[in-house]
Structure formats: structure tokens, C-alpha cells
Amino acid sequence: MQREEIVAMDESNNTPSDQQITGNGGHLLEVSDLHVEFRTSGGVVKAVNGVNYILDEGETLAILGESGSGKSVGVEAVMGIVESPPGFVTAGSVKFRGTELRGMEEDQLCKIRGHNIAMIFQEAQATLDPGFTVGHQISEMLRLHRGLSKEEATKKSVELMDRVQIPFAVERANDYPHQFSGGMCQRVMIAMALALDPDVLIADEPTTALDVTIQAQVMQLLSELQTETGMGIILITHDMSVIADVADRVVVMYAGRVVETGSIHQIFDQPAHPYTVGLMNCVPRLDRKEDNLNIIPGSPPNPINLPAGCAFHPRCSLARERCLSETPVSAEVGPYHQSACHFFEEVLVGH
Amino acid sequence: MTIFIIRRILQAAVVTLITLSVVFVVGRVVGDPVRIVIGIEAEETRVQEVRDQLGLNDPLTVQYWRFMTGALRGEMGTSFWTRTPTMPMVLERLPATIYLGVVTALLAFPLAILLGATAALKPHSWADRLINVTALGGVSIVEFWLALMLILVVAVQLGWFKTSGYGGVEYVVLPALTLAYKPIGRISQMARSAIIDELRKPYIKAARAKGLSEKQVVFTHALKNAAIPIITTTGDEVATILNGAMVVETVFGWPGVGLLTINALSRRDLPLVEATVFVVTGMIIMTNMLLDVAYTYLNPRIRFQ
């Protein structure tokens, strides 16, 4: 009986933002021309320089790139949680179901954050508040967004912990983050993120800090939950094997720009940007006998002082005169497959 | 949890015993209380007479045993000046000092945390700079000067409060303000840096991603974790308030333990000075013990060790 009441409450208690936002059509999430910079004493760090991507329901979009490529900052800008100062979102648009989130009032945004768009992070243990029990931290979501009473929220929290397969959920809800392993903390984070059945889940390297078996379990759990709820997932990672397992489409980022986007098959089978090719070659393969790992020569550019033209040219084997001066724009390689390389045809042939 | 509290009580007892021993050693072994009472030029026969009277010719171990057992019974000797037991004299003055201390703490601690949090929310803003300058003033100001200035301006010129004496609001505000300024300075600076540190941590980003408002992020999440270093400073500031009470009570004619200490010092009444030291240290040890228990509430990682 009580459970029915909770469910009824869930349905009746849609926030105004929810009603405004549904039915407006368009993509679930549409990010265009996003720019983020950090104004530091050492200079302006151009972390994100015109990023575009779309996410549809039930889809997993992977954002792939090295450390410092702007992939995390980009999604933080989508959430509107870039630390400011020093961070500033200087241009671009973030549309959720057709509604522009940039420039929206902070209290309106707070209703969307966590509710419509939820996020999980890399260091799960560090992203849980050490001063509160995990049960409290999950219930906080329900009390905040759904206005549930303390008892109802606690009950629902335990259900959520069950759902993400945390054993002994009833007892463990009263434990503090430091009493959980890294993998269990990530499950707590997932339970928290899923508390309100978000439409979009942003997962910022959710498995990087975990060991391999736990990684697989967490990714498996996310896929199952996605099948259940039909949410769209943005998965940020630098792990090719994770991408190969779960992604539908891939966005490859370099120096704050999208260098290539395409379906998982397009990216793996016909990479159309020298950087993507480089990343693919970095993955050691058992079916080929190789003496050395293929690494991309050089290191990522200094974001305070990005190279002119194509930011990848100092590390690129195909670089020539044009790459030093002219910034490449994304060109259609195939259906929904784009590359920001002047010479993508050569890359396709070469591969 | 109970084990933790018991352990803290035992630690406090050990600290008290050590303090008492230091008081004993400084009074009996290092200095000569008789010379203090009857003067450096007194005749040797008179000195011996007084030493016998005070039991100072007994072996040190016997004296130490007598001193410690007496202290544990709450007896700290007889005042040279009034010839009456010292402890009742101190305890009689204690409520006045506690009253002043509590008013000071109620004024200082919430205000300091509010100032620190305001500064932390917008570092390098004009509000932060103003608070920083105010705090610096509190840390570096000399209490008796501040006391005199407050008397001059607020009591004499404006006539809002009484210049000195013991009583209600009109008496307590000025001495409490004087005493509060230093702790306000130190605690607000500590609170500012502790909250800024917490706001940089990943769990704050996650709390924002949950859809909490900035106010909820700062006041429920950051402040609870920042409270740990803030409370450490607060514990130290309790000592500052009790020490400052000596000067402030003297300036404002506030009949507390501080004023009694100054009187005892000026009359070289060693047993009375020892009794005030004992009581004041006891209070500092006790507040610190209570704050340690408060830690365990704020920081579950201590609680489960």
C-alpha cells in the first residue's frame, strides 16, 4: 500500500521544468559550438573550443580523448557546474529536449540537474560527502526533487541500493562512504544518479579508478539500467575496450575540439582522422605480432597556447602547409560520420 | 563510541595531573614561596618559622603527596592574604567569568563562521577583503587598548553601555565585545580557508550535479566537513577568551576569576594564584574534551577507528 503511494507520488509530482521540457521535440540533448575557458594567472586556458554533439534516447554516446582534451570540462559545462571563476562558458548552446539550458535561471537549472540530467564521476569515493551516510546522500535527491518525507526517501533509497546490487542494502544505507570499496561507492553514485529516473546520465570515466573485474560489473549494470529506463548515456572515457563494448556512437576529442564523430563501427573500421587512427593503433593486439607499442609521437598541446591551424599538426604524420594555418572544419565522411581533417580521404585510404 | 569518550576522559585526567605537577614544581621547587610572602630581606629565623608553618620543611615527596591529594579533594591551600581556603574564593568568582565567557562565545563563534563563510563564497571580492582586514585587526589588536577605546566611545561618548561593573546587558556587552574580537579574527580566517578547501573537493561538484542550490551545497555539505578544523581553532580560542578575561575583567571591573588572578598576583598570594590556574586549566581541558566528542559526530572516520 505504502509503495503504491510512493509510485503515485512519483507520477503526480512532476516539476514544472519537466512539463515545459517534454514535448518540445528535437534531440534529447544537443550541444553546439560549446566554448569553455579558464582564466588563470598563467593565461587563458582554452579547454573546450567549439564542441558539437547530439544524444538521443536509449543511446550511448562515448566521448573519447586523452587527459586534458576537454572531455570532462565539456560535460561539466552541459551540467552548468563548471567552477566559476576561473571557468567560463563563453559561447555555445546546450539544448535539452529543445530547451536551451545556457542562460537559464540557476533555480530552474537546479530542478533539471540530478532530475533530468544526472552525472556520475571518476573517483566515486571522493565524490561522496564523507560526513553523511550513503543512505542520507541518496535520500537527499528524493527529498530535494520529489519532496518525499524522510521515511519515504529512506525506504526508496534502500530500494535503489538493492537495484544497483549493493548487498545488505538496509544495513549498509547507514554506513559512511569510507566503509565502502571503490566499486561499491560507484554503485552508490549510480543509485543516487538514477534515483529520479533521469533522461540523460553523464558518466565521467566511471570505471577508470576501478579494477578490471569491477569495471566490467559496473558497465554491465549501467547497460542493464539503460535497457530498463531508456535513458541516454554520455560516457566519457579513454578506454577503447569500454567503448567497443557499450557505445553506439563515438565523439573523439583533441585539444578541446571534436576531431571525429561517427558510429562505433565507423570509428573502429574506417577512422577518418589521423588522431583516431593513432588511438586505435595504441591498443595492443594479440592477433598481430608487434615488437613495440604504437604510440602517438609528442604530447598534447598546451591549452594556453594552442598551435595555429589544426591543433594536432605537430604530432601528425600527414601534416603539411595547409594544416599549419587553416583550422579544419568538420566534413561529412559518410552518413553521421564527420572528420575535422583536411585530408580525411587520405586517412581513409591509408587505413 | 563510549570507549572513545572514556579514553578522552582518561586523557583529560592525565593532562590535569601533569598541570598540577607543573604548578607544584614551579611554586615549591623552583621558587621560594616564603621569600615571596615575607620579602627577600626577612631574617633567617623568621623565614624558618614560616617554612615550618607552611610545611615547607617536609620532604618534597610528602609535600607533593599532600598537594596532589588536596587538589583532588578540591583544596588548593589557604590564601596568604585572607587566611581562608582558596578554592571557595575562586569558585565564587567562577560564575561571573563563565557568564562573560558564554556571552563572548555566543557573540564570537556564529559571527566568525558567518563572516568566514561569506568570505569563502566569493574569494577576492570586496566583501572578502573587508572581512579579511577586520579579521586581521582582531588577530593583532591589543585587548586593553580596545577595551579603553570602547569605553571612551561607546560608553562615555554615546552612553549606550556602562563603563564598568557587573550586571545585565548594559554591563556585559562591552567586555564581551572586547574579548570576542580576537577569536572572531582567528576563527573567521580559519573558517574561510577551511570552506574554500572543502569547496574544491570532488564531492562538492557531485553535490552541485545533484541539483542542490549553492546555499545547500555550502551550508549542509561544505560547512559540515569544514567544521572539523574550525572546531580545533575554536577550542584554542576558548583558552584565548579565558586568558583575555584577566585583562578585560580588570579594565571593566568585572568580578570574575581573571580579576581575582590579577589581584592575587599583585599581592603575591601564591596559593590563590595556583587555585585560579587550576580552575582555569580545568575549564580549558573540559571544553577541549567536549569539542573532541563533537568531532566524532562531525567526522565519522574518527568515530569508527
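**Salt bridges in the predicted model**

In chain B, B:Glu198 and B:Lys201 pair up through their side chains in a salt bridge, with N and O sitting 3.1 Å apart. The two partners differ in how they are classed: B:Glu198 is buried, at a relative accessible area of 9%, whereas B:Lys201 comes out as partly exposed at 38%. Over in chain A, salt bridges with shared partners tie A:Glu37, A:Arg39 and A:Lys46 together into one network. All of this comes from a predicted model, not an experimental structure.

Chain A also has a pair that reaches across the sequence. A:Arg163 makes a salt bridge to A:Asp197, and their closest N and O atoms are 3.8 Å apart. That contact connects distant parts of the chain, the two residues being 34 residues apart. A:Arg163 belongs to helix 7 (residues 150–163), while A:Asp197 lies in the loop between helix 9 (182–194) and strand 7 (200–204). As for accessibility, A:Arg163 is partly exposed, with a relative value of 28%, and A:Asp197 is likewise partly exposed, at 47%.

Another chain A salt bridge brings together the side chains of A:Arg172 and A:Asp175, with an N to O distance of 3.1 Å. Its acidic partner, A:Asp175, has a relative accessible area of 19%. Since buried means under 20%, A:Asp175 therefore counts as buried.

Taking all chains together, the tally is 25 salt bridges. As general background, oppositely charged side chains can pair up when their charged atoms get close.

Technical notes: Residues are numbered from 1 along each chain as its sequence is written. Chains are lettered from A and ligands numbered from 1 in the order in which they are written. This is a predicted model: local features need pLDDT of at least 70, side-chain atom pairs count only at pLDDT 80 or more; totals for chains, interfaces and linings use all residues. Side-chain values use heavy atoms; hydrogens and water are left out. A salt bridge is a side-chain nitrogen of Lys or Arg within 4 Å of a carboxyl oxygen of Asp or Glu. Helices (H or I, at least four residues) and strands (E, at least two) are DSSP runs, numbered from the N terminus. Buried means under 20% relative accessible area, exposed over 50%, partly exposed in between (1.4 Å probe, protein chains only).
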